[in-house]
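Open the model in your viewer and keep the selection panel at hand. The stops below go from one end of the chain to the ligand and its surroundings.

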Amino acid sequence: MVLQAIKYSRGRLEILDQLKLPHQEEYDHVYSSTDAWHAIKDMRTRGAPAIAIVAALGLAVELVNMKLSPAAEDVTVFVLEKLDYLVTSRPTAVNLADAARKLKKTTESAAAKANADGESVREAYVSAAEKMLVDDVNDNENIGRHGAEWVIQKTEAGKKGPVSMLTHCNTGSLATAGYGTALGVIRSLHAKGSLKHAFCSETRPYNQGSRLTAFELVHDEIPATLITDSMAAALLQLKGPSENIAAIVVGADRVAANGDTANKIGTYSLAILARHHGVKFLVAAPRTTIDLATKSGSEIVIEERPGKEVTLVKGPRHDGVTLDLAVIETVSIAANGINVWNPAFDVTPAELIDGIITEVGVVEKDKDGKFDLNHVFKVDGLEDKPSKIGGI
Ligand SMILES: CSC[C@@H](O)[C@@H](O)C(=O)COP(=O)(O)O
């Protein structure tokens, strides 16, 4: 059975509450842009592509179910205001701002047509939002395919035989419309029979690795092992050769024009470890995550989240033997009164990244050691021959 974080049909949107995973699979209805804003802010839905899609569809559902003004201008003003509001939910992932910008353009173009009315503007918006859901799954499958081929063909481990991979945070079906980005690469390697083992890091403080990625790996019956974040160096040192670890593959919340990449806190440390141990470090992201307007990582706004996400842990009671799903407890794991710094993301310098896997190919550095990400926006229709893109 395919894991579905987002269930949508016109006028109806449900999201899997990711705060309750892995132990409870409960869907929440999203009736409006306000519901979508809260689901994103509270991280019941999370992951850069999923955030953008839930925001876009939350507003679509609201538009479909509301009493609509017959005037195109009223509907346009409403849509533009709601999109501005949705973008304020979380700042680092660019996919949300990118989706809002594209949806605004669609809405304004529909309103500018002769004979436009409220209904035609609404239809243009809703169709464009629905297309984002479909496109994301296709893009992820292509990312998986390109990434798996690159790992098999371009890494020493890949040339030897089935590879092991380490991933961080959750970039799978739960973080996207389906299949996933970095986890999609692992899925694709597994589907080809080229995956020896997947390792996933816990991803403190919110445990997207141990709760969500581990859940997806178990669900898909992919051979996998969980480590805490602090074990990554030892993993590469002690098991790198015997497990044939080819690469660390991560997702992205925003890739700047020079390739600097904002992703879940802890990503930067993994990139440093990969370089030290001669393991490739790959970023897997759709083009909607590439932000050419942001020149380098220093311009990226890093979201800071409440300290209680570090000091408190929530989950069902476990007495050491049995899990009791009826009792959800919050446990304090830090000294009362301690100050906490909780940046949700960090920025990995492009220098430490070996390849950026997109739906149109894997971007490698040119002979000057720089990524030229402009090319990925010029290859539509040339999916299988990304000539200016390194890789496959
Ligand atoms: C395909 S998801 C890519 C990124 O969004 C992911 O790696 C990540 O950092 C998610 O952070 P989160 O805070 O859980 O939204």
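In which sense do β1 and β2 pair, and over how many bridges? The model is a predicted one. Select β1 (6-9) and β2 (12-16): the two strands pair in the antiparallel sense, over 4 bridges. For one pair in this ladder, pick Ile6, whose bridge partner in β2 is Ile15.

**The hairpin turn**

Next, select Gly11, in the loop between β1 and β2. The hairpin has 2 residues between the strands, and Gly11 takes a positive phi near 90° there. Gly11 has 13 other C-beta atoms within 10 Å, so it counts as partly exposed. Show Val64 as well: 53 residues separate Gly11 and Val64 in sequence, but their C-alpha atoms are 5.5 Å apart. Beyond its neighbours within four places in sequence, Gly11 is in contact with Val61, Val64 and Asn65.

**On to β3**

Go back to Ile15, which also stands opposite Asp28 in β3. The strand β3 covers residues 27-29 and pairs with β2 in the antiparallel sense, over 3 bridges.

**The two domains**

Now colour domain 1 (6-136) and domain 2 (143-377) separately. Their centres, taken over C-alpha atoms, are 27 Å apart. At the contact between them, 24 residues of domain 1 meet 29 residues of domain 2. On the domain 1 side, the elements that give two or more residues are α2, α4 (94-112) and α5 (118-154). Which of these elements gives the most to the side of domain 1 that touches domain 2? It is α2, with 5 residues. Colouring this side by class gives 14 nonpolar, 6 polar and 4 charged residues.

**The ligand**

Select the ligand and expand to the 17 residues around it; Arg46, Ala48, Ala175, Gly251 and Lys264 come nearest. The elements that give two or more residues to this shell are α2 (48-65) and β9 (261-264). By class, the shell has 7 nonpolar, 7 polar and 3 charged residues. Why does the ligand lie between the domains? Domain 1 and domain 2 both give residues to the shell, so the ligand lies between them.

**Asp253**

Select Asp253, where UniProt, in an unreviewed entry, places the feature "active site". Asp253 sits in the loop between β7 (245-250) and β8 (254-256). Is Asp253 buried or exposed? It has 30 C-beta neighbours inside 10 Å, so it counts as buried. Leaving out residues up to four places away in sequence, show what Asp253 touches: Ala48, Thr92, Ala93, Val94, Ala262, Asn263, Thr289 and Phe345. Ala48 is also one of the residues that come nearest to the ligand.

**The four-stranded sheet**

Last, select the strands β11, β8, β9 and β14, which form an open sheet in that order, with mixed pairing. β11 (290-291) and β14 (345-348) are the edge strands; each has a single partner, so one side of each is left without a neighbour in the sheet. Between them, β8 and β9 run antiparallel and are joined by 2 bridges. To see a facing pair, pick Val255 and Thr261 of β9, which stand opposite each other. Strands of a sheet pair through backbone hydrogen bonds, so switching on their display will help to follow the ladders.

Key:
Residues are numbered from 1 along each chain as its sequence is written. This is a predicted model: local features need pLDDT of at least 70, side-chain atom pairs count only at pLDDT 80 or more; totals for chains, interfaces and linings use all residues. A residue is near a molecule or strand if its C-beta atom, placed from the backbone, lies within 6 Å of it. Ala, Val, Leu, Ile, Met, Phe, Trp, Tyr, Cys and Pro count as nonpolar, Asp, Glu, Lys and Arg as charged, and the others, Gly among them, as polar. Domain bounds come from an automatic or database domain assignment. UniProt positions are given in the numbering used here, feature names are shortened, and annotations may be inferred rather than shown by experiment. A residue is buried if 20 or more other C-beta atoms lie within 10 Å of its own, exposed if 12 or fewer, and partly exposed in between; C-beta atoms are placed from the backbone. Two residues are in contact if their C-beta atoms, placed from the backbone, lie within 7 Å. Two strands pair if DSSP finds at least two bridges between them.
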